[in-house]
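Please open the model in your viewer and keep the sequence panel beside it. The tour below goes from one selection to the next and says what is found at each stop.

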Amino acid sequence: MTWRELAAAAGQVPPESTQQAVGYPALFLLVALGALVPVIPTGALVSSAAVVAFHHQSPPYGVLLVFGVSALAAFTGDMALYWLGQRGVRSRGGSRWLEALRGRATPERLEQARSKLDEHGVLVLVLSRLVPAGRIPVMLACLLAQMPLRRFARGDAPACLAWAATYGLIGILGGTLFTEPWKGVALAVGLALAISAGPALWRRLRPGPRRGA
(Lines give C-alpha, C1' and ligand atoms only; values in the text may rest on other atoms or scores of the structure.)
Protein backbone atom coordinates (compact mmCIF):
# COMPACT_ATOMS: atom_id res chain seq x y z
CA MET A 1 0.00 0.00 0.00
CA THR A 2 2.89 2.37 0.68
CA TRP A 3 4.25 1.68 -2.80
CA ARG A 4 0.93 2.66 -4.35
CA GLU A 5 0.63 5.89 -2.36
CA LEU A 6 4.17 7.01 -3.09
CA ALA A 7 3.89 6.16 -6.76
CA ALA A 8 0.50 7.84 -7.08
CA ALA A 9 2.00 11.02 -5.63
CA ALA A 10 4.66 10.87 -8.31
CA GLY A 11 2.06 10.16 -11.00
CA GLN A 12 3.22 6.61 -11.64
CA VAL A 13 1.63 3.46 -10.21
CA PRO A 14 3.87 0.39 -10.32
CA PRO A 15 2.44 -2.64 -12.06
CA GLU A 16 0.62 -5.22 -10.00
CA SER A 17 3.44 -7.74 -10.49
CA THR A 18 5.90 -5.30 -8.89
CA GLN A 19 3.62 -4.75 -5.89
CA GLN A 20 3.29 -8.50 -5.42
CA ALA A 21 7.05 -9.04 -5.70
CA VAL A 22 7.62 -6.55 -2.88
CA GLY A 23 4.52 -7.15 -0.74
CA TYR A 24 4.40 -10.91 -0.29
CA PRO A 25 8.05 -11.42 0.73
CA ALA A 26 7.66 -8.52 3.17
CA LEU A 27 4.49 -10.08 4.57
CA PHE A 28 6.27 -13.41 5.02
CA LEU A 29 9.27 -11.87 6.78
CA LEU A 30 7.20 -9.72 9.12
CA VAL A 31 4.84 -12.54 10.15
CA ALA A 32 7.72 -14.98 10.67
CA LEU A 33 9.63 -12.38 12.69
CA GLY A 34 6.49 -11.64 14.71
CA ALA A 35 6.22 -15.33 15.59
CA LEU A 36 9.79 -15.26 16.87
CA VAL A 37 9.65 -11.90 18.63
CA PRO A 38 6.01 -11.09 19.41
CA VAL A 39 6.22 -7.31 19.22
CA ILE A 40 4.74 -7.07 15.71
CA PRO A 41 0.91 -7.14 15.53
CA THR A 42 0.90 -9.96 12.99
CA GLY A 43 -2.87 -10.44 13.10
CA ALA A 44 -3.46 -6.81 12.11
CA LEU A 45 -0.80 -7.18 9.43
CA VAL A 46 -2.53 -10.18 7.86
CA SER A 47 -5.93 -8.48 7.98
CA SER A 48 -4.53 -5.35 6.32
CA ALA A 49 -2.87 -7.42 3.58
CA ALA A 50 -6.17 -9.23 2.97
CA VAL A 51 -7.99 -5.89 2.55
CA VAL A 52 -5.43 -4.66 0.03
CA ALA A 53 -5.54 -7.97 -1.87
CA PHE A 54 -9.34 -7.90 -1.89
CA HIS A 55 -9.42 -4.47 -3.55
CA HIS A 56 -6.39 -4.50 -5.82
CA GLN A 57 -6.05 -8.10 -7.01
CA SER A 58 -8.31 -10.57 -8.76
CA PRO A 59 -10.40 -12.28 -6.07
CA PRO A 60 -10.14 -14.84 -4.69
CA TYR A 61 -6.54 -15.45 -5.77
CA GLY A 62 -5.00 -12.47 -4.01
CA VAL A 63 -6.71 -13.21 -0.70
CA LEU A 64 -5.82 -16.91 -0.96
CA LEU A 65 -2.20 -15.97 -1.55
CA VAL A 66 -2.22 -13.75 1.53
CA PHE A 67 -3.68 -16.67 3.49
CA GLY A 68 -1.05 -19.13 2.24
CA VAL A 69 1.92 -16.80 2.77
CA SER A 70 0.73 -15.84 6.26
CA ALA A 71 0.12 -19.42 7.38
CA LEU A 72 3.51 -20.57 6.05
CA ALA A 73 5.29 -17.65 7.69
CA ALA A 74 3.59 -18.26 11.05
CA PHE A 75 4.49 -21.95 10.86
CA THR A 76 8.10 -21.16 9.97
CA GLY A 77 8.43 -18.74 12.87
CA ASP A 78 6.85 -21.18 15.31
CA MET A 79 9.15 -23.99 14.21
CA ALA A 80 12.22 -21.80 14.58
CA LEU A 81 11.16 -20.64 18.04
CA TYR A 82 10.36 -24.18 19.19
CA TRP A 83 13.69 -25.47 17.90
CA LEU A 84 15.53 -22.70 19.75
CA GLY A 85 13.51 -23.50 22.88
CA GLN A 86 14.43 -27.18 22.60
CA ARG A 87 18.10 -26.27 22.62
CA GLY A 88 17.53 -24.41 25.87
CA VAL A 89 15.70 -27.35 27.45
CA ARG A 90 18.51 -29.75 26.54
CA SER A 91 21.25 -27.39 27.74
CA ARG A 92 22.19 -27.36 31.42
CA GLY A 93 22.42 -23.59 31.44
CA GLY A 94 19.25 -23.09 29.43
CA SER A 95 19.15 -20.35 26.79
CA ARG A 96 17.93 -16.80 26.41
CA TRP A 97 15.14 -18.01 24.12
CA LEU A 98 13.82 -20.40 26.75
CA GLU A 99 14.07 -17.74 29.43
CA ALA A 100 12.25 -15.30 27.18
CA LEU A 101 9.42 -17.81 26.76
CA ARG A 102 9.27 -18.32 30.53
CA GLY A 103 9.06 -14.57 31.02
CA ARG A 104 6.03 -14.30 28.71
CA ALA A 105 4.00 -17.00 30.47
CA THR A 106 2.70 -16.52 34.00
CA PRO A 107 2.79 -19.58 36.27
CA GLU A 108 -1.03 -19.72 36.26
CA ARG A 109 -1.29 -19.72 32.47
CA LEU A 110 1.54 -22.23 32.17
CA GLU A 111 -0.23 -24.58 34.58
CA GLN A 112 -3.46 -24.21 32.61
CA ALA A 113 -1.59 -24.96 29.37
CA ARG A 114 -0.01 -28.07 30.89
CA SER A 115 -3.40 -29.32 32.06
CA LYS A 116 -4.99 -28.77 28.64
CA LEU A 117 -2.01 -30.39 26.93
CA ASP A 118 -2.41 -33.50 29.10
CA GLU A 119 -6.13 -33.67 28.32
CA HIS A 120 -6.21 -32.84 24.61
CA GLY A 121 -2.67 -33.38 23.31
CA VAL A 122 -1.51 -31.40 20.29
CA LEU A 123 -5.08 -30.34 19.49
CA VAL A 124 -4.70 -27.63 22.10
CA LEU A 125 -2.22 -25.92 19.76
CA VAL A 126 -5.04 -24.97 17.40
CA LEU A 127 -6.90 -23.06 20.09
CA SER A 128 -3.71 -21.58 21.49
CA ARG A 129 -3.08 -19.73 18.24
CA LEU A 130 -6.60 -18.29 18.21
CA VAL A 131 -6.73 -17.27 21.87
CA PRO A 132 -4.89 -13.98 22.55
CA ALA A 133 -1.64 -14.59 24.46
CA GLY A 134 -2.33 -18.32 24.37
CA ARG A 135 0.43 -19.43 22.00
CA ILE A 136 3.48 -18.93 24.23
CA PRO A 137 2.19 -20.75 27.37
CA VAL A 138 1.17 -23.78 25.30
CA MET A 139 4.47 -23.78 23.41
CA LEU A 140 6.36 -23.59 26.70
CA ALA A 141 4.27 -26.45 28.10
CA CYS A 142 5.17 -28.53 25.03
CA LEU A 143 8.85 -27.72 25.51
CA LEU A 144 8.84 -28.65 29.19
CA ALA A 145 7.03 -31.88 28.33
CA GLN A 146 9.86 -32.52 25.82
CA MET A 147 7.44 -32.97 22.93
CA PRO A 148 9.35 -33.91 19.76
CA LEU A 149 9.56 -31.27 17.04
CA ARG A 150 7.67 -33.46 14.55
CA ARG A 151 4.74 -33.95 16.90
CA PHE A 152 4.64 -30.24 17.66
CA ALA A 153 4.65 -29.51 13.92
CA ARG A 154 1.63 -31.78 13.36
CA GLY A 155 -0.38 -29.72 15.81
CA ASP A 156 1.04 -26.34 14.85
CA ALA A 157 0.35 -26.66 11.11
CA PRO A 158 -3.48 -26.64 11.41
CA ALA A 159 -3.16 -24.00 14.13
CA CYS A 160 -1.35 -21.64 11.75
CA LEU A 161 -3.90 -22.35 9.00
CA ALA A 162 -6.79 -21.53 11.34
CA TRP A 163 -5.03 -18.38 12.56
CA ALA A 164 -4.35 -17.09 9.05
CA ALA A 165 -7.92 -17.87 7.97
CA THR A 166 -9.38 -16.01 10.96
CA TYR A 167 -7.45 -12.79 10.42
CA GLY A 168 -7.84 -13.08 6.66
CA LEU A 169 -11.62 -13.19 7.10
CA ILE A 170 -11.41 -10.06 9.26
CA GLY A 171 -9.66 -8.38 6.36
CA ILE A 172 -12.28 -9.57 3.87
CA LEU A 173 -14.97 -8.16 6.14
CA GLY A 174 -13.27 -4.77 6.11
CA GLY A 175 -12.86 -4.96 2.34
CA THR A 176 -16.51 -5.73 1.67
CA LEU A 177 -17.88 -2.97 3.90
CA PHE A 178 -15.94 -0.12 2.27
CA THR A 179 -15.12 0.74 -1.32
CA GLU A 180 -12.07 2.74 -0.28
CA PRO A 181 -9.22 0.41 0.78
CA TRP A 182 -7.88 2.63 3.58
CA LYS A 183 -11.21 2.49 5.40
CA GLY A 184 -11.23 -1.30 5.20
CA VAL A 185 -7.62 -1.41 6.44
CA ALA A 186 -8.50 0.85 9.38
CA LEU A 187 -11.46 -1.35 10.36
CA ALA A 188 -9.47 -4.56 9.95
CA VAL A 189 -6.56 -3.25 12.01
CA GLY A 190 -8.92 -2.03 14.72
CA LEU A 191 -10.72 -5.38 14.93
CA ALA A 192 -7.46 -7.36 14.93
CA LEU A 193 -5.92 -5.22 17.67
CA ALA A 194 -9.12 -5.40 19.73
CA ILE A 195 -9.12 -9.19 19.51
CA SER A 196 -5.44 -9.35 20.49
CA ALA A 197 -5.44 -6.79 23.30
CA GLY A 198 -9.04 -7.01 24.52
CA PRO A 199 -8.72 -9.97 26.92
CA ALA A 200 -5.55 -8.62 28.55
CA LEU A 201 -7.15 -5.21 28.99
CA TRP A 202 -10.27 -6.80 30.49
CA ARG A 203 -8.18 -8.71 33.03
CA ARG A 204 -6.49 -5.48 34.11
CA LEU A 205 -9.70 -3.51 34.42
CA ARG A 206 -11.75 -6.26 36.02
CA PRO A 207 -12.11 -5.64 39.77
CA GLY A 208 -10.48 -8.23 41.95
CA PRO A 209 -12.29 -10.31 44.57
CA ARG A 210 -13.41 -8.37 47.56
CA ARG A 211 -11.63 -9.00 50.78
CA GLY A 212 -13.63 -9.81 53.86
CA ALA A 213 -14.08 -7.10 56.43
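Begin by selecting Arg-129, which counts as buried because its relative accessibility is 10%, under the 20% that sets the limit for a buried residue. Bear in mind throughout that this is a predicted model.

With Arg-129 still highlighted, add Asp-78 to the selection: the two residues form a salt bridge, and their closest N and O atoms are 3.0 Å apart. This pair links distant parts of the chain, since Asp-78 belongs to helix α4 (residues 61-90) and Arg-129 to helix α7, with their positions 51 residues apart. Asp-78 has a relative accessibility of 0% and therefore counts as buried.

Next, keep Asp-78 and select Arg-135, with which Asp-78 forms another salt bridge, the closest N and O atoms here being 2.7 Å apart. Because Asp-78 lies in helix α4 and Arg-135 in helix α8 (residues 135-144), the pair ties together parts that are 57 residues apart in sequence. Asp-78 and Arg-135 are both buried. If all three side chains are now shown together, Asp-78, Arg-129 and Arg-135 can be followed as one network, joined by salt bridges that share partners. The structure holds 2 salt bridges.

From there, move to Ser-128, which is placed in helix α7 (residues 124-130). Is Ser-128 buried or exposed? Its relative accessibility is 5%, so Ser-128 counts as buried. When neighbours within four places in sequence are set aside, Ser-128 is in contact with Gly-134, Arg-135 and Val-138, and one of these, Arg-135, is also a salt-bridge partner of Asp-78.

For a stop at the surface, select Leu-33, Val-37 and Val-39, which make a nonpolar surface patch of about 260 Å². Within this selection, Val-37 is found in the loop between α2 (16-36) and α3 (42-56). Val-37 counts as partly exposed because its relative accessibility is 31%.

Finally, clear the selection and colour the whole chain by secondary structure, which shows 10 helices and 0 strands; read along the sequence, the pattern is α-α-α-α-α-α-α-α-α-α. Of the 213 residues in the chain, 38% are buried. Among contacts with a separation of 6 or more, 75% are between residues 24 or more positions apart. If you display the surface, about 12400 Å² of the chain is exposed, and carbon and sulfur atoms supply 64% of that area.

Definitions and conventions
Residues numbered from 1 in each chain as written. Predicted model: local features only at pLDDT ≥ 70, side-chain atom pairs only at ≥ 80, totals over all residues. Heavy atoms only, no water. Patch = residues over 30% accessible without salt bridge, like charges linked within 9 Å, V, L, I, M, F, W, Y side chains within 5 Å. Areas by Shrake-Rupley, 256 points an atom, 1.4 Å probe, with all protein chains shown as cover. Salt bridge = Lys/Arg side-chain N within 4 Å of Asp/Glu carboxyl O. Helix = DSSP H or I, 4+ residues; strand = E, 2+ residues; numbered from the N terminus. Buried < 20%, exposed > 50% of the residue type's maximum accessible area, 1.4 Å probe, protein only. Contact = heavy atoms within 4.5 Å.
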